[in-house]
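The following exercises concern a structure shown below. Each task is followed by a solution that proceeds step by step.

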Amino acid sequence: MTERLRAVIVDDEDLARGVLRECLAAHEDVEIVAECANGFEAVKAVTEMRPQLVFLDIQMPKLDGFEVLELIGRDLAVIFVTAYDEYALRAFEVHAVDYLLKPFSEERLAEALAHARVHLAERATIPVGPLVASARPGGRPVERIVVRDGSRVHVVPVERLDYVEAQDDYVCLHTEGKRLLKEQTMADVEAALDPGRFVRIHRSCILNVERLVRVEPFGRDSRVAILRDGTRLPVSRTGYARLNELLRG
Amino acid sequence: MQPVLARSPRLALYLAACLAVGGLLSAAIAGRSGLSVARTAAVVLPLALVFGFVCLSSWYVCRATPLRTSPTAMVAGNIAGSTLFAGALWLALGRAFAWAAARIPGLAGVDRLFSSDAPLLFAVGALVYLLSLAAHYVVLGVDEAQATEQRALEVQLMAREAELKALRAQIEPHFLFNSLNSISALTTADPAGARRMCSLLGEFLRASLKFGARERIPLADELALVQAFFDIERVRFGSRLCFEQAAEDGVRECLVPPLLLQPLAENAVNHGVAERLEGGTVRLHAARAGDMLRIVMENAFDADRPREARRGVGLDNVRRRLATHYGGRATLGVNDEDGRFRVTISLPASREASPP
């Protein structure tokens, strides 16, 4: 007998979870280890239960399915379950194993499970890059950034983001006096943010221009940006040019 | 076809007018030739009738060279040529009629008519013909203006049809897919619930198809539709979604465009309550304010989402639709103060069958 698959169901609708639970009962090799009504519960469950398979709804409050995947998805198989067919392409871009459209048939579910087993047998690990890119539907700037801190999740609406600093392999998000670390590159963060509001003022710093009070000269050939809360950030020569361009435009 | 020839009453009227002009002309020229008015008329009246038809033919000249689309030189040439020809024809016909009439016993001497003053007679014929040309151009112009107006009306009507179709499509297909999924869940867990959901969905779809085909429906029917929509959504969202509606006395009979509130209801769920972990309440309130009907739909929303994300395309559709139906007399306002997203529609309260 094959090893049982540990699965988590994530859907904000009670009935939708019910359908999956019932259909999965017919598959003896699948064990449901948790059911979650939202993305926060999902991140917690995945951290604690270490499932191999996640059935993930896309339209959910606060954290949508793609954001949940960005936070949890590395070495588990994800099957999206949604009524919306327009996300299918994006789902495969982020290496979802399959994409079930509500309402789905039992045959279709069996097929998706087969895909998941193949995927898990290959021990494929999803690269992190596409997951990050997925948070940017259709090239539009993101409206919020999600950060995982153990089993906790922080959701930072971009308008509350003050500035972003590079920190080794991480970025440090500064928001309302708090600091949140996220495993991501500066280039990815810069690309995800609204270029009309955020500007890369230095190799290691992206600034929300709404927080800027003034720019002062600092030493020879360099400047410093002063924020509303008094924070001082380095501004490079190209960064200063970019800042000027944004403020003038 | 020539507009006068096209209808016999018009033709009769026109010929009578020709005879009247002929009579006047007879009276005017009788003295010059020393003939009695009656004798002169014997020649001039038939001539007037025949020349009347010649003038009608100027319609075809006008049709051949419409003012707007033909080169000026061509129009001028056509007018000048046909006018000269008509003047000459008038003169020749006059002389022929006079000559022929003189052969009739009792009309001897009428051949004196048209024998002299040739330039003057020619000018009269040409002028009359020129007037008929001008009149025909005016008629053509009026026709064209009417046709343009007609076309504009048709286009407007088509636009409205398209708008309605688009609006009927506003019932989100995802709403149906999600409902079907709920039914799928209920079939084994709660068969009676599944059956109830099927009938709710059936009623909602039937009513929206029926009302959607009408120009206006009573607010009571629209409110029932909205209620049915929320009954279905409540099966899906369970305790996360609450819906309350209240309509003051005397507003239920007011007429509104069908499915006007549907996009607002869908917005309130999809961009409002569904975005909140804890869910929330959607409230609908309808009241009279003077001779206006005021409908307010409000819902809880997630304050962390950007403002644009709360709106959805539904609002613009409703606004456009109000403009099509009521012009500037209807308004749609949005505000999101005190933590509630609130859409207020104000439209003329009418009870009669749809005003224009």
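**Exercise 1.** Locate B:E266 and determine whether this residue is buried or exposed.

*Solution.* B:E266 is found in helix α9 (residues 262–272) of chain B; helices are DSSP runs of H or I with at least four residues, strands are runs of E with at least two, and both are numbered from the N terminus. The model is predicted: local features need pLDDT of at least 70 and side-chain atom pairs pLDDT 80 or more, while totals for chains, interfaces and linings use all residues. Residues are numbered from 1 along each chain as its sequence is written, and chains are lettered from A and ligands numbered from 1 in the order in which they are written.

Next, count neighbours: 20 other C-beta atoms lie within 10 Å of B:E266, so the residue is buried (20 or more such atoms; exposed means 12 or fewer, partly exposed in between, with C-beta atoms placed from the backbone).

Finally, list the contacts. Leaving out residues up to four places away in sequence, B:E266 touches B:E172, B:F175 and B:G314 (contact: C-beta atoms, placed from the backbone, within 7 Å). B:E266 and B:G314 are 48 residues apart in sequence, yet 8.1 Å apart in space, C-alpha to C-alpha.

**Exercise 2.** Describe how α6(B) and α7(B) pack.

*Solution.* Begin with the geometry. Helix α6 (residues 173–189) and helix α7 (residues 191–212) of chain B pack at about 155°, their axes 7 Å apart (axes are lines fitted to C-alpha atoms, for helices over the stretch in contact; angles run from 0 to 180 degrees between N-to-C directions). The two helices are therefore roughly antiparallel (over 145 degrees; under 35 is roughly parallel, 65 to 115 roughly perpendicular, the rest oblique).

Then identify the residues. In α6(B), B:S179, B:S182, B:I183, B:L186 and B:T187 meet residues of α7(B) including B:P191, B:M197 and B:L201. By class, this contact has 7 nonpolar, 4 polar and no charged residues (nonpolar: Ala, Val, Leu, Ile, Met, Phe, Trp, Tyr, Cys and Pro; charged: Asp, Glu, Lys and Arg; polar: the others, Gly among them).

**Exercise 3.** Establish the strand order of the open sheet in chain A.

*Solution.* The sheet has 5 strands in the order β2-β1-β3-β4-β5, with parallel pairing (strands pair if DSSP finds at least two bridges between them). Its edge strands are β2 (30–36) and β5 (98–101), each pairing on one side only. From one strand to the next, the twist averages 20°. Within the sheet, β3(A) (residues 53–56) and β4(A) (residues 77–82) pair over 4 bridges, and A:V54 stands opposite A:V78 in β4(A).

Note on methods. Contact = placed C-beta atoms within 7 Å.
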